[in-house]
Amino acid sequence: MNYVWSALIISSLIFGAVNGRLEETMQAGLSGAGSAITVLLSFAGMMCFWSGILKIVETSGAGKFCEKLLSPVVYRLFPKVKDRSHITMNIIANLLGMGNAATPAGISAMCQLDEENQKRPHPSREMSRFAVLNTASLQLFPTTIIGILASFGDPNPYRIVPLIWVSSAVSLASALFMDFILSKTQRR
Amino acid sequence: MVYIIPALIILVLVSGLKKGVPCYTTFISGVESGLKTVVSIFPALVAILSASAMLRESGLIDALSQVLAPFFNLLKIPVEILPLALIRPISGGGSIGLLTDTIKTFGVNSRIALAACILCASTETTFYTISVYFGGTSVKYTKRVIFAAVFGDFVGILCASCLSMINF
(Lines give C-alpha, C1' and ligand atoms only; values in the text may rest on other atoms or scores of the structure.)
Protein backbone atom coordinates (compact mmCIF):
# COMPACT_ATOMS: atom_id res chain seq x y z
CA MET A 1 0.00 0.00 0.00
CA ASN A 2 2.95 2.35 0.67
CA TYR A 3 4.10 2.05 -2.92
CA VAL A 4 0.64 2.07 -4.44
CA TRP A 5 -0.40 5.21 -2.61
CA SER A 6 2.81 7.14 -3.28
CA ALA A 7 2.68 6.11 -6.93
CA LEU A 8 -0.92 7.31 -7.21
CA ILE A 9 -0.08 10.75 -5.79
CA ILE A 10 3.21 11.24 -7.64
CA SER A 11 1.92 10.11 -11.02
CA SER A 12 -1.24 12.20 -10.66
CA LEU A 13 0.77 15.32 -9.86
CA ILE A 14 3.30 14.82 -12.64
CA PHE A 15 0.65 13.93 -15.16
CA GLY A 16 -1.49 16.85 -14.01
CA ALA A 17 1.46 19.19 -14.58
CA VAL A 18 2.14 17.77 -18.07
CA ASN A 19 -1.54 17.90 -18.89
CA GLY A 20 -1.83 21.51 -17.73
CA ARG A 21 -4.23 20.52 -14.99
CA LEU A 22 -1.88 20.87 -12.03
CA GLU A 23 -4.05 23.36 -10.22
CA GLU A 24 -7.21 21.29 -10.62
CA THR A 25 -5.34 18.16 -9.51
CA MET A 26 -4.00 19.79 -6.36
CA GLN A 27 -7.40 21.25 -5.62
CA ALA A 28 -8.99 17.81 -6.08
CA GLY A 29 -6.50 16.27 -3.67
CA LEU A 30 -7.32 18.77 -0.97
CA SER A 31 -11.06 18.59 -1.46
CA GLY A 32 -10.73 14.79 -1.51
CA ALA A 33 -9.15 14.98 1.92
CA GLY A 34 -11.97 17.29 2.97
CA SER A 35 -14.53 14.83 1.68
CA ALA A 36 -12.99 12.19 3.97
CA ILE A 37 -14.64 14.09 6.83
CA THR A 38 -18.04 14.05 5.14
CA VAL A 39 -17.69 10.39 4.17
CA LEU A 40 -16.62 9.49 7.69
CA LEU A 41 -19.47 11.48 9.24
CA SER A 42 -21.92 9.93 6.80
CA PHE A 43 -21.10 6.44 7.97
CA ALA A 44 -19.86 7.09 11.51
CA GLY A 45 -23.35 7.03 13.00
CA MET A 46 -24.33 4.00 10.94
CA MET A 47 -21.16 2.21 11.90
CA CYS A 48 -21.65 2.95 15.61
CA PHE A 49 -25.24 1.77 15.38
CA TRP A 50 -24.27 -1.55 13.79
CA SER A 51 -21.42 -2.00 16.24
CA GLY A 52 -23.97 -1.63 19.03
CA ILE A 53 -26.33 -4.15 17.43
CA LEU A 54 -23.48 -6.56 16.78
CA LYS A 55 -22.43 -6.32 20.41
CA ILE A 56 -25.92 -7.45 21.44
CA VAL A 57 -25.72 -10.30 18.91
CA GLU A 58 -22.40 -11.29 20.38
CA THR A 59 -23.46 -11.26 24.04
CA SER A 60 -26.80 -12.98 23.40
CA GLY A 61 -25.07 -15.90 21.72
CA ALA A 62 -26.99 -15.38 18.47
CA GLY A 63 -23.64 -15.03 16.78
CA LYS A 64 -22.88 -18.61 17.67
CA PHE A 65 -26.07 -19.66 15.90
CA CYS A 66 -25.14 -17.85 12.68
CA GLU A 67 -21.69 -19.30 13.00
CA LYS A 68 -23.11 -22.81 13.01
CA LEU A 69 -25.16 -22.02 9.94
CA LEU A 70 -22.15 -21.00 7.87
CA SER A 71 -19.55 -23.01 9.74
CA PRO A 72 -18.81 -25.54 6.97
CA VAL A 73 -17.54 -22.72 4.73
CA VAL A 74 -16.08 -20.41 7.36
CA TYR A 75 -14.34 -23.22 9.20
CA ARG A 76 -12.64 -24.37 6.06
CA LEU A 77 -11.44 -20.86 5.23
CA PHE A 78 -10.34 -19.92 8.75
CA PRO A 79 -9.53 -23.13 10.65
CA LYS A 80 -7.09 -21.54 13.10
CA VAL A 81 -9.17 -18.57 14.22
CA LYS A 82 -10.50 -18.83 17.78
CA ASP A 83 -13.68 -16.75 17.52
CA ARG A 84 -15.32 -16.72 14.11
CA SER A 85 -18.47 -14.74 14.98
CA HIS A 86 -17.31 -11.41 13.53
CA ILE A 87 -16.09 -13.07 10.36
CA THR A 88 -19.42 -14.86 10.00
CA MET A 89 -21.42 -11.67 10.55
CA ASN A 90 -19.29 -9.92 7.93
CA ILE A 91 -19.89 -12.67 5.38
CA ILE A 92 -23.64 -12.76 6.04
CA ALA A 93 -23.90 -8.96 5.73
CA ASN A 94 -21.91 -9.09 2.49
CA LEU A 95 -24.10 -11.83 1.02
CA LEU A 96 -27.23 -9.84 1.84
CA GLY A 97 -25.71 -6.71 0.32
CA MET A 98 -25.70 -4.79 3.60
CA GLY A 99 -22.44 -2.96 3.07
CA ASN A 100 -23.12 -0.69 6.04
CA ALA A 101 -23.28 -3.65 8.38
CA ALA A 102 -20.49 -5.60 6.70
CA THR A 103 -17.80 -2.97 7.21
CA PRO A 104 -18.02 -2.65 11.03
CA ALA A 105 -18.14 -6.43 11.45
CA GLY A 106 -15.25 -6.79 9.02
CA ILE A 107 -13.13 -4.20 10.79
CA SER A 108 -13.80 -5.78 14.20
CA ALA A 109 -12.89 -9.16 12.75
CA MET A 110 -9.70 -7.69 11.33
CA CYS A 111 -8.75 -6.13 14.69
CA GLN A 112 -9.35 -9.47 16.39
CA LEU A 113 -7.21 -11.27 13.78
CA ASP A 114 -4.59 -8.60 14.42
CA GLU A 115 -4.56 -9.52 18.13
CA GLU A 116 -4.24 -13.20 17.29
CA ASN A 117 -1.35 -12.28 15.00
CA GLN A 118 0.26 -10.56 18.02
CA LYS A 119 0.10 -7.19 16.24
CA ARG A 120 2.91 -8.08 13.88
CA PRO A 121 3.55 -5.78 10.88
CA HIS A 122 3.07 -8.69 8.47
CA PRO A 123 -0.50 -9.89 8.00
CA SER A 124 -1.25 -13.49 9.00
CA ARG A 125 -2.64 -15.92 6.43
CA GLU A 126 -6.07 -15.46 7.94
CA MET A 127 -5.86 -11.67 7.72
CA SER A 128 -4.90 -11.63 4.07
CA ARG A 129 -7.49 -14.28 3.23
CA PHE A 130 -10.17 -12.29 4.98
CA ALA A 131 -9.17 -9.06 3.22
CA VAL A 132 -9.20 -10.81 -0.16
CA LEU A 133 -12.65 -12.17 0.62
CA ASN A 134 -13.84 -8.61 1.16
CA THR A 135 -12.17 -7.10 -1.88
CA ALA A 136 -14.12 -9.54 -4.04
CA SER A 137 -17.85 -9.04 -4.22
CA LEU A 138 -19.94 -11.62 -2.37
CA GLN A 139 -23.37 -10.12 -2.92
CA LEU A 140 -26.23 -12.56 -3.61
CA PHE A 141 -28.59 -9.89 -4.87
CA PRO A 142 -26.92 -6.91 -6.61
CA THR A 143 -29.57 -4.29 -5.80
CA THR A 144 -27.59 -1.26 -6.98
CA ILE A 145 -26.89 -2.62 -10.46
CA ILE A 146 -30.45 -3.88 -10.91
CA GLY A 147 -31.74 -0.48 -9.80
CA ILE A 148 -29.52 1.32 -12.31
CA LEU A 149 -30.54 -1.00 -15.16
CA ALA A 150 -34.21 -0.60 -14.27
CA SER A 151 -33.88 3.18 -14.18
CA PHE A 152 -32.66 3.08 -17.79
CA GLY A 153 -35.79 1.22 -18.84
CA ASP A 154 -34.37 -2.30 -19.00
CA PRO A 155 -37.47 -4.55 -19.26
CA ASN A 156 -35.78 -7.43 -17.44
CA PRO A 157 -32.90 -6.25 -15.27
CA TYR A 158 -32.82 -9.57 -13.40
CA ARG A 159 -31.40 -11.46 -16.37
CA ILE A 160 -27.99 -10.17 -15.34
CA VAL A 161 -28.03 -11.81 -11.90
CA PRO A 162 -26.80 -15.30 -12.91
CA LEU A 163 -24.06 -13.73 -15.02
CA ILE A 164 -22.93 -11.70 -12.00
CA TRP A 165 -22.88 -14.83 -9.86
CA VAL A 166 -20.65 -16.65 -12.31
CA SER A 167 -18.29 -13.71 -12.67
CA SER A 168 -18.14 -13.04 -8.90
CA ALA A 169 -17.50 -16.68 -8.11
CA VAL A 170 -14.73 -17.00 -10.68
CA SER A 171 -12.97 -13.78 -9.65
CA LEU A 172 -13.29 -14.57 -5.93
CA ALA A 173 -11.97 -18.09 -6.45
CA SER A 174 -9.00 -16.86 -8.46
CA ALA A 175 -8.17 -14.17 -5.87
CA LEU A 176 -8.32 -16.72 -3.05
CA PHE A 177 -6.25 -19.14 -5.11
CA MET A 178 -3.61 -16.48 -5.79
CA ASP A 179 -3.52 -15.57 -2.09
CA PHE A 180 -3.12 -19.24 -1.20
CA ILE A 181 -0.20 -19.71 -3.60
CA LEU A 182 1.51 -16.51 -2.43
CA SER A 183 1.16 -17.46 1.24
CA LYS A 184 2.73 -20.86 0.50
CA THR A 185 5.71 -19.39 -1.26
CA GLN A 186 6.27 -16.74 1.38
CA ARG A 187 6.37 -19.10 4.35
CA ARG A 188 9.06 -21.31 2.88
CA MET B 1 -35.82 -6.66 0.65
CA VAL B 2 -37.07 -3.65 2.67
CA TYR B 3 -38.12 -5.90 5.54
CA ILE B 4 -34.91 -7.85 6.01
CA ILE B 5 -32.96 -5.30 8.04
CA PRO B 6 -35.81 -4.19 10.35
CA ALA B 7 -36.71 -7.85 10.92
CA LEU B 8 -33.08 -8.60 11.71
CA ILE B 9 -32.93 -5.82 14.31
CA ILE B 10 -36.15 -6.99 15.98
CA LEU B 11 -34.82 -10.55 15.98
CA VAL B 12 -31.57 -9.44 17.60
CA LEU B 13 -33.31 -7.42 20.33
CA VAL B 14 -35.89 -10.11 21.11
CA SER B 15 -33.31 -12.88 21.27
CA GLY B 16 -31.11 -10.63 23.41
CA LEU B 17 -33.93 -9.91 25.88
CA LYS B 18 -34.80 -13.62 25.99
CA LYS B 19 -31.22 -14.45 26.96
CA GLY B 20 -31.29 -11.75 29.66
CA VAL B 21 -28.82 -9.46 27.91
CA PRO B 22 -28.94 -5.82 29.16
CA CYS B 23 -29.66 -4.57 25.62
CA TYR B 24 -29.25 -0.83 26.17
CA THR B 25 -25.98 -1.04 28.11
CA THR B 26 -24.58 -3.57 25.66
CA PHE B 27 -25.60 -1.39 22.72
CA ILE B 28 -23.87 1.62 24.28
CA SER B 29 -20.64 -0.27 24.86
CA GLY B 30 -20.79 -1.53 21.29
CA VAL B 31 -21.22 2.04 20.01
CA GLU B 32 -18.21 3.08 22.05
CA SER B 33 -15.97 0.50 20.43
CA GLY B 34 -17.49 1.39 17.04
CA LEU B 35 -16.54 5.02 17.56
CA LYS B 36 -12.96 4.01 18.33
CA THR B 37 -12.82 2.07 15.06
CA VAL B 38 -14.25 5.01 13.13
CA VAL B 39 -11.55 7.29 14.47
CA SER B 40 -8.83 4.73 13.77
CA ILE B 41 -9.73 4.40 10.07
CA PHE B 42 -9.97 8.14 9.44
CA PRO B 43 -6.30 8.62 8.39
CA ALA B 44 -6.57 5.83 5.82
CA LEU B 45 -9.74 7.39 4.49
CA VAL B 46 -8.07 10.78 3.97
CA ALA B 47 -5.20 9.10 2.13
CA ILE B 48 -7.29 7.07 -0.29
CA LEU B 49 -9.96 9.69 -1.00
CA SER B 50 -7.50 12.45 -1.81
CA ALA B 51 -5.41 10.11 -3.99
CA SER B 52 -8.43 8.94 -5.98
CA ALA B 53 -9.68 12.51 -6.47
CA MET B 54 -6.25 13.60 -7.74
CA LEU B 55 -6.04 10.61 -10.05
CA ARG B 56 -9.38 11.40 -11.66
CA GLU B 57 -8.86 15.15 -11.96
CA SER B 58 -5.37 14.93 -13.46
CA GLY B 59 -6.72 13.04 -16.49
CA LEU B 60 -4.37 10.15 -15.79
CA ILE B 61 -7.19 7.61 -15.88
CA ASP B 62 -8.15 8.65 -19.41
CA ALA B 63 -4.54 8.60 -20.56
CA LEU B 64 -3.93 5.16 -19.02
CA SER B 65 -6.99 3.87 -20.81
CA GLN B 66 -5.49 4.93 -24.12
CA VAL B 67 -2.15 3.31 -23.34
CA LEU B 68 -3.73 0.04 -22.25
CA ALA B 69 -6.16 -0.11 -25.15
CA PRO B 70 -4.02 -2.35 -27.45
CA PHE B 71 -3.56 -4.87 -24.63
CA PHE B 72 -7.29 -4.92 -24.03
CA ASN B 73 -7.95 -5.33 -27.74
CA LEU B 74 -5.72 -8.36 -27.70
CA LEU B 75 -7.83 -9.96 -24.97
CA LYS B 76 -11.01 -8.94 -26.84
CA ILE B 77 -12.13 -6.81 -23.90
CA PRO B 78 -14.17 -3.81 -25.10
CA VAL B 79 -12.00 -0.70 -24.71
CA GLU B 80 -15.04 1.30 -23.65
CA ILE B 81 -15.10 -0.33 -20.20
CA LEU B 82 -11.42 0.45 -19.56
CA PRO B 83 -11.86 3.69 -17.58
CA LEU B 84 -14.44 1.88 -15.46
CA ALA B 85 -12.07 -1.03 -14.86
CA LEU B 86 -9.39 1.41 -13.72
CA ILE B 87 -11.55 3.50 -11.39
CA ARG B 88 -13.51 0.56 -9.93
CA PRO B 89 -10.81 -0.61 -7.45
CA ILE B 90 -10.31 2.93 -6.13
CA SER B 91 -13.62 4.68 -5.83
CA GLY B 92 -17.08 3.21 -5.28
CA GLY B 93 -19.01 6.41 -5.93
CA GLY B 94 -16.86 7.26 -8.95
CA SER B 95 -17.36 3.85 -10.53
CA ILE B 96 -21.14 3.94 -10.10
CA GLY B 97 -21.16 7.39 -11.70
CA LEU B 98 -19.07 6.11 -14.60
CA LEU B 99 -21.30 3.03 -14.93
CA THR B 100 -24.45 5.13 -15.34
CA ASP B 101 -22.58 7.24 -17.85
CA THR B 102 -21.55 4.15 -19.83
CA ILE B 103 -25.09 2.75 -19.90
CA LYS B 104 -26.44 6.13 -20.97
CA THR B 105 -23.93 6.35 -23.84
CA PHE B 106 -24.27 2.84 -25.22
CA GLY B 107 -27.83 1.93 -24.26
CA VAL B 108 -29.17 -0.71 -21.88
CA ASN B 109 -29.21 -3.43 -24.52
CA SER B 110 -25.58 -3.19 -25.58
CA ARG B 111 -22.75 -5.60 -24.96
CA ILE B 112 -20.72 -2.80 -23.40
CA ALA B 113 -23.41 -1.91 -20.88
CA LEU B 114 -23.78 -5.57 -19.97
CA ALA B 115 -20.02 -5.99 -19.52
CA ALA B 116 -19.84 -2.80 -17.45
CA CYS B 117 -22.63 -3.97 -15.14
CA ILE B 118 -21.10 -7.40 -14.61
CA LEU B 119 -17.71 -5.78 -14.00
CA CYS B 120 -19.10 -3.40 -11.38
CA ALA B 121 -21.14 -6.04 -9.58
CA SER B 122 -18.52 -8.77 -9.46
CA THR B 123 -15.60 -6.68 -8.16
CA GLU B 124 -15.20 -4.40 -5.17
CA THR B 125 -13.42 -1.14 -4.34
CA THR B 126 -10.22 -3.09 -3.70
CA PHE B 127 -7.83 -0.35 -2.58
CA TYR B 128 -10.43 1.39 -0.50
CA THR B 129 -11.33 -1.87 1.24
CA ILE B 130 -7.71 -2.79 1.91
CA SER B 131 -6.84 0.60 3.38
CA VAL B 132 -9.95 0.73 5.57
CA TYR B 133 -9.70 -2.90 6.76
CA PHE B 134 -6.02 -2.71 7.60
CA GLY B 135 -6.32 0.92 8.78
CA GLY B 136 -7.16 -0.09 12.34
CA THR B 137 -4.53 -2.84 12.62
CA SER B 138 -0.78 -2.82 13.11
CA VAL B 139 -0.14 -4.45 9.72
CA LYS B 140 2.32 -2.51 7.56
CA TYR B 141 2.98 -4.89 4.66
CA THR B 142 0.03 -5.50 2.38
CA LYS B 143 1.80 -6.29 -0.89
CA ARG B 144 0.63 -9.91 -1.03
CA VAL B 145 -2.98 -9.00 -0.30
CA ILE B 146 -2.98 -6.28 -2.94
CA PHE B 147 -1.50 -8.60 -5.54
CA ALA B 148 -4.05 -11.35 -4.92
CA ALA B 149 -6.94 -8.89 -4.85
CA VAL B 150 -5.87 -7.12 -8.04
CA PHE B 151 -5.44 -10.48 -9.73
CA GLY B 152 -9.03 -11.29 -8.75
CA ASP B 153 -10.20 -7.97 -10.18
CA PHE B 154 -8.42 -8.67 -13.43
CA VAL B 155 -10.07 -12.08 -13.72
CA GLY B 156 -13.35 -10.28 -13.00
CA ILE B 157 -12.77 -7.96 -15.97
CA LEU B 158 -11.99 -10.93 -18.22
CA CYS B 159 -15.07 -12.75 -16.98
CA ALA B 160 -17.33 -9.75 -17.53
CA SER B 161 -16.02 -9.43 -21.07
CA CYS B 162 -16.42 -13.13 -21.89
CA LEU B 163 -19.89 -13.41 -20.40
CA SER B 164 -21.08 -10.32 -22.25
CA MET B 165 -19.68 -11.76 -25.48
CA ILE B 166 -21.48 -15.07 -25.03
CA ASN B 167 -24.73 -13.24 -24.42
CA PHE B 168 -24.51 -11.18 -27.61
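**Notes on the A–B model: pockets, cavities and the interface**

1. Starting with the second largest pocket: H3(B) gives the largest share of its lining, six residues. Helices here are DSSP runs (H or I) of at least four residues, and strands are E runs of at least two, numbered from the N terminus. Keep in mind that this is a predicted model, where local features need pLDDT of at least 70 and side-chain atom pairs count only at pLDDT 80 or more, while totals for chains, interfaces and linings use all residues. On bookkeeping, residues are numbered from 1 along each chain as its sequence is written, chains are lettered from A and ligands numbered from 1 in the order written, and side-chain values use heavy atoms, leaving out hydrogens and water.

2. The same pocket holds about 540 Å³ of space. Its lining runs to 24 residues, with Leu68(B), Ala85(B), Leu86(B), Pro89(B) and Val150(B) nearest the centre. Both chains take part: H1 of chain A joins helix H3 (60–74), helix H4 (82–87) and H8 of chain B in giving two or more residues each to the lining. By class the lining has 20 nonpolar, two polar and two charged residues. (Nonpolar covers Ala, Val, Leu, Ile, Met, Phe, Trp, Tyr, Cys and Pro; charged covers Asp, Glu, Lys and Arg; the others, Gly among them, are polar.)

3. How were pockets and cavities told apart? On a 1 Å grid over the protein atoms alone, a cavity is a set of points where a 1.4 Å probe fits but cannot get out, whereas a pocket is an open set with protein on both sides within 12 Å along at least five of seven lines; lining residues have an atom within 4 Å of a point. Points are joined across faces, edges and corners, and a volume is the space filled by probe spheres set on them.

4. There are two cavities of 30 Å³ or more in the structure. The second largest has a volume of about 40 Å³, and residues from both chains line it, including Val132(A), Ser171(A), Ser122(B) and Asp153(B). H6 and H8 of chain A, together with helix H8 (143–166) of chain B, each give two or more residues to that lining. The class split is five nonpolar, five polar and one charged.

5. Now the interface. Contact (heavy atoms within 4.5 Å) takes in 89 residues of chain A and 84 residues of chain B. About 7500 Å² is buried between the chains, 78% of it from carbon and sulfur atoms; that is the accessible area (1.4 Å probe) lost on putting the two parts together, summed over both.

6. Which side chains form a salt bridge at 2.6 Å, N to O? Glu57(B) and Arg21(A) do; the rule asks for a side-chain nitrogen of Lys or Arg within 4 Å of a carboxyl oxygen of Asp or Glu. It finds two such bridges across the interface.

7. As for chain A itself, eight helices and zero strands are found.
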